[in-house]
Structures are given as structure tokens and as C-alpha cells.
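User: I am new to this structure. Please show me how to read it, one feature at a time.

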Amino acid sequence: MESKAVNNKILWVLTGSLMLITIVVILFKAWPILFPELIVKLPADPDCDLRAGPCVTQMNDGSQVSFSIVPRELPLMKPLQLQVEVDGLQANRIEVDFSGTDMHMGFNRFTLQPLSNDIFKGEGMLPVCVWDAMEWEAQVFIEVDRGTISVPYRFITVRQGMPLLGADP
């Protein structure tokens, strides 16, 4: 009887240890995906209005990044066409990550496909939010040979039927 209890204890310790090791390995593998090491992190441009058209960010080295989303109404739970154009950068990979500025909205990262050396396109989607209006940040991650550049763009979405402040009726 006593040896069965000891065996059960050992089995539980081994199972718990195996689960802990699995979680550590998953975190180790996922960390660079969730939190890429950045060589440049630019501030968001307060004059950017993605509803008006592409926003262009000038970098200190003279290179430029242009980001646009269509449709310009920025609907929730509908396909969005994302486009990034780079000028003066050799991008190996570009991803766009949508996150709420005041509320965690899960993992919403989309990889864009290269159409040429300087134009990348892809499709993404914003999740639905319980708030009538939500401020988002789209982080454009540009992977270059020496690391990753992060260019943020902020915008607000409004649930359908709700007027956008400052918008024409």
C-alpha cells in the first residue's frame, strides 16, 4: 500500500516537472515572436490620420515608411487591406501588429507579402471591442539585416452606428 502512494507521488512530481519544462520551452520559443528585439522604435506621429490616406514616417537616416489601411472607415471584424511602402530600407520581412492602447485585445499580428523590394501588402482584421470607440496602435515591424524597426501608427475605431467625433455628418 505504502509503495503505491510513493509511486503516485513520484508520478505527480514527474508530471508537474514535465508540464513546467514544457511551459518554459514554449515561452522561450514564443518570446522573440511576441517581443521582437528592436533596433529602432519611433514615436507615433500625432498628425497621422489613416482615414485620410497613407501616413508617411520619416526616419533619422532619411529613409521613409508609408502605411495605409483600406477601407478607410477602419471597420471591426471585416477584412482590411494593409500596405507598407519603404524607401531607403531593405526590408526582409514586414508585420503589422494591432493592439488596443487602453485594453489588451489579444494577439493580432499579420505578415505582409512583398510585391516588390519596397512594397508589402497583406490582409488583417481588427477584433470587435465592447467599447463604442477604441484607440488602436498599429505597430509596423520591419525586419532588416541588423534587426527590427518599429513604426507605430495610432487610430480610433467606432462601432457602426456611432458618429466619429469631428467627422462630417
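**Strands, core and surface**

Analyst: Start with one pair of residues: Ser68 has Gln83 as its bridge partner in β4. Keep in mind that this is a predicted model.

User: In which sense do β3 and β4 pair, and over how many bridges?

Analyst: They pair in the antiparallel sense, over seven bridges.

User: How many bridges join β2 to β3?

Analyst: Four bridges join β2, residues 55-58, to β3, and these strands are antiparallel too. One partnership to find is Val56 with Ser66 in β3. Then look at the hairpin of β2 and β3, with five residues between the strands. Gly62 in this hairpin has a positive phi near 95°.

User: Is β3 mostly covered or mostly open?

Analyst: Mostly covered: five of the seven residues in β3 are buried.

User: How should I read a nonpolar core?

Analyst: In soluble globular proteins, nonpolar side chains tend to be buried together. Here the largest nonpolar core has 35 residues. Phe67, Phe98 and Ile142 have the most contacts inside this core. The elements that give two or more residues to the core are β3 (64-70), β4 (80-87), β5 (93-100), β6 (109-114), β8 (133-144) and β9 (147-158).

User: Which element gives the most to this core?

Analyst: That is β8, with six residues.

User: What is Phe67 in contact with, beyond its neighbours within four places in sequence?

Analyst: Its contacts include Leu50, Pro54 and Cys55. Leu82, Gln83 and Val84 are also among them. So are Val96, Ala138, Val140 and Tyr153. Gln83 is a residue you have met already, as the bridge partner of Ser68.

User: Does burial apply to polar residues as well, and where does Ser150 stand: buried or exposed?

Analyst: Ser150 counts as buried because its relative accessibility is 0%, and the cut-off for buried is under 20%. Ser150 is found in strand β9. Leaving out residues up to four places away in sequence, Ser150 touches Leu38, Val40, Lys41 and Leu42, among others. Gln139, Val140 and Phe141 are also touched by Ser150. Val140 is a contact of Phe67 as well.

User: Now the surface. Which residues form a nonpolar patch there?

Analyst: Val6, Ile10 and Leu14 form a nonpolar patch on the surface. Together they have about 270 Å² of accessible area. Ile10 lies in helix α1, residues 2-34.

User: Why is Ile10 called partly exposed?

Analyst: Its relative accessible area is 45%. Buried means under 20% and exposed means over 50%, so Ile10 falls in between.

Key: Residues are numbered from 1 along each chain as its sequence is written. This is a predicted model: local features need pLDDT of at least 70, side-chain atom pairs count only at pLDDT 80 or more; totals for chains, interfaces and linings use all residues. Side-chain values use heavy atoms; hydrogens and water are left out. Patches are made of residues with over 30% relative accessible area and no salt bridge: like charges are joined within 9 Å, nonpolar side chains (Val, Leu, Ile, Met, Phe, Trp, Tyr) within 5 Å. Accessible areas come from the Shrake-Rupley method with a 1.4 Å probe; for residues, only the protein chains shown count as cover. A salt bridge is a side-chain nitrogen of Lys or Arg within 4 Å of a carboxyl oxygen of Asp or Glu. Buried means under 20% relative accessible area, exposed over 50%, partly exposed in between (1.4 Å probe, protein chains only). A nonpolar core is a set of buried Ala, Val, Leu, Ile, Met, Phe, Trp, Tyr and Cys residues joined through side-chain atoms within 4.5 Å. Contact means heavy atoms within 4.5 Å. Two strands pair if DSSP finds at least two bridges between them.
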